[in-house]
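Visitor: Hi, I've got a new structure open and could use a hand reading it. Can you walk me through it?
Guide: Sure, let's have a look together.

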Amino acid sequence: MVSCGMKCVKYVLFAFNFLIVLAGLILVVAGTVVQTKFNDYLSFFGSTANAAAIFIIAIGVVVFVIGFFGCCGAIRENHCMIVTFIVLLCIVLVLEIAAAAMAFAFQNRIIDITGSEMRKATVNYNRTGHGGVTLAWDNVQRKFKCCGATNYTDWKDNELLNVTGSVPDSCCRQETSGCGFGKLDDATTIYDDGCVNGFIRWVKDNMGIVGGIAAALTVIEIIGIIIAGCLASAIRQEKYQVI
């Protein structure tokens, strides 16, 4: 058995990994809910969003497995399982850093893809079976005070609206029922800025929050690695002393 001080470390590590297990389960549930309950909304961003939902589920499974190894290793004082936990957590940490670097390096490409998928989604606005797309477009245009992906002319791609030269009512600066009818070329009463620009501004405005959360997670993971390393070392020393 490890010393009294290391027992405290053991239970701290167990509690830490129990939270990781819960986080993994939450990610799996969240990804599943997004994939099943909000499938219509995912079509707003196309296959990229579907891939993101699946990616969330995969990350949740990986996190759950890591937490499981950590919990079992800590409570059973199993050196092999704790080392496995350390290795897996190090891999996740490296992948997170790599993903952040890639997102930064390919940010323009990500923006282009987002804009392309949004433009494709305009053709399904107000169409039967695409209620999620319609609701998503209305919410985005109201939130970002924008119209269309690049600008309001994107709505010419929608046959239902283009027939009457209209835009969704959510494009109107002062929204009322039917306010977008026949206003496709009237930039004085509808928003003339595209939603891709609004999305970019929103990302930049929240970059500090995202960065803070990412930094906090990184610190927590490093602390977890250090604690696990201390416990693994103590267990190994204890084993040799017994021998």
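Visitor: Let me start with one residue: does Glu77 count as buried or exposed, and at what relative accessibility?
Guide: Glu77 counts as buried, because its relative accessibility is 15% and the cut-off for buried is under 20%. Keep in mind that this is a predicted model.

Visitor: Okay, and where does Glu77 lie?
Guide: Glu77 is in the loop that links helix H3, residues 47-76, to helix H4, residues 79-105.

Visitor: What about its backbone, what's the phi of Glu77?
Guide: Phi is about 55° there, a positive value, although Glu77 is not a glycine.

Visitor: Which other residue has a positive phi without being a glycine?
Guide: Lys145 is one, with phi near 50°. You'll find Lys145 in the loop between H6 and helix H7, which covers 159-162.

Visitor: Is Lys145 buried or exposed?
Guide: Exposed: its relative accessible area is 52%. Glu77, on the other hand, is buried at 15%.

Visitor: Let me zoom out. How many helices and strands does the protein have?
Guide: There are 9 helices and 0 strands. Going along the sequence, you read α-α-α-α-α-α-α-α-α.

Visitor: And how much of the protein counts as buried?
Guide: 34% of its 243 residues do. On the outside, the protein exposes about 13900 Å², with carbon and sulfur atoms supplying 68% of that.

Visitor: What share of the contacts is between residues 24 or more positions apart?
Guide: If you take the contacts with a separation of 6 or more, 64% of them are between residues at least 24 positions apart.

Visitor: Can you show me a place where two helices meet?
Guide: Try helix H6, residues 131-144, and helix H8, residues 195-205: their axes come within 10 Å and cross at roughly 65°. The crossing of H6 and H8 is left-handed.

Visitor: Which residues of H6 and H8 meet there?
Guide: H6 brings Trp137, Val140, Gln141, Lys143 and Phe144, and H8 brings Cys195, Gly198, Phe199, Arg201 and Trp202. Sorted by class, the contact of H6 with H8 has 6 nonpolar, 2 polar and 2 charged residues.

Visitor: While we're on H8, which of its residues are buried?
Guide: Cys195, Val196 and Gly198 are the buried residues of H8. They lie on the same side of H8, because they cover an arc of only 160° around the axis.

Visitor: What covers the buried residues of H8?
Guide: The cover includes helix H5, which is 107-121, and H6.

Visitor: Switching again, I clicked on Gly224. Where is its place?
Guide: Gly224 is in helix H9. Gly224 is buried, with a relative accessible area of 0%.

Visitor: What is Gly224 in contact with?
Guide: Setting aside neighbours within four places in sequence, Gly224 is in contact with Leu13, Phe16, Phe85 and Leu89. Phe85 is 139 residues away from Gly224 along the chain, yet their C-alpha atoms are separated by 9.6 Å.

Visitor: Then there's Glu221. Which helix is that in?
Guide: Glu221 is in helix H9, residues 207-242. At 11% relative accessibility, Glu221 is buried.

Visitor: So what does Glu221 touch?
Guide: Not counting residues up to four places away in sequence, Glu221 touches Leu89, Val92, Leu93 and Glu96. You've met Leu89 already, as Gly224 is in contact with it.

Visitor: How about Gly211, what does it count as?
Guide: Gly211 lies in helix H9 and counts as partly exposed, at 38% relative accessibility. From C-alpha to C-alpha, Gly211 and Ala100 are 9.8 Å apart in space, with their positions 111 residues apart in sequence.

Visitor: Last one: how far apart are Cys80 and Ala232?
Guide: They are 152 residues apart in sequence and 8.3 Å apart in space, C-alpha to C-alpha. Cys80 lies in helix H4 and counts as exposed, with a relative accessibility of 54%.

Notes
Residues are numbered from 1 along each chain as its sequence is written. This is a predicted model: local features need pLDDT of at least 70, side-chain atom pairs count only at pLDDT 80 or more; totals for chains, interfaces and linings use all residues. Side-chain values use heavy atoms; hydrogens and water are left out. Helices (H or I, at least four residues) and strands (E, at least two) are DSSP runs, numbered from the N terminus. Buried means under 20% relative accessible area, exposed over 50%, partly exposed in between (1.4 Å probe, protein chains only). Contact means heavy atoms within 4.5 Å. Accessible areas come from the Shrake-Rupley method with a 1.4 Å probe; for residues, only the protein chains shown count as cover. Axes are lines fitted to C-alpha atoms, for helices over the stretch in contact, and angles run from 0 to 180 degrees between N-to-C directions. A crossing is left-handed if the near helix is turned anticlockwise from the far one by less than a right angle, and right-handed if clockwise. Ala, Val, Leu, Ile, Met, Phe, Trp, Tyr, Cys and Pro count as nonpolar, Asp, Glu, Lys and Arg as charged, and the others, Gly among them, as polar. The arc is that of the directions from the helix axis to the C-beta atoms.
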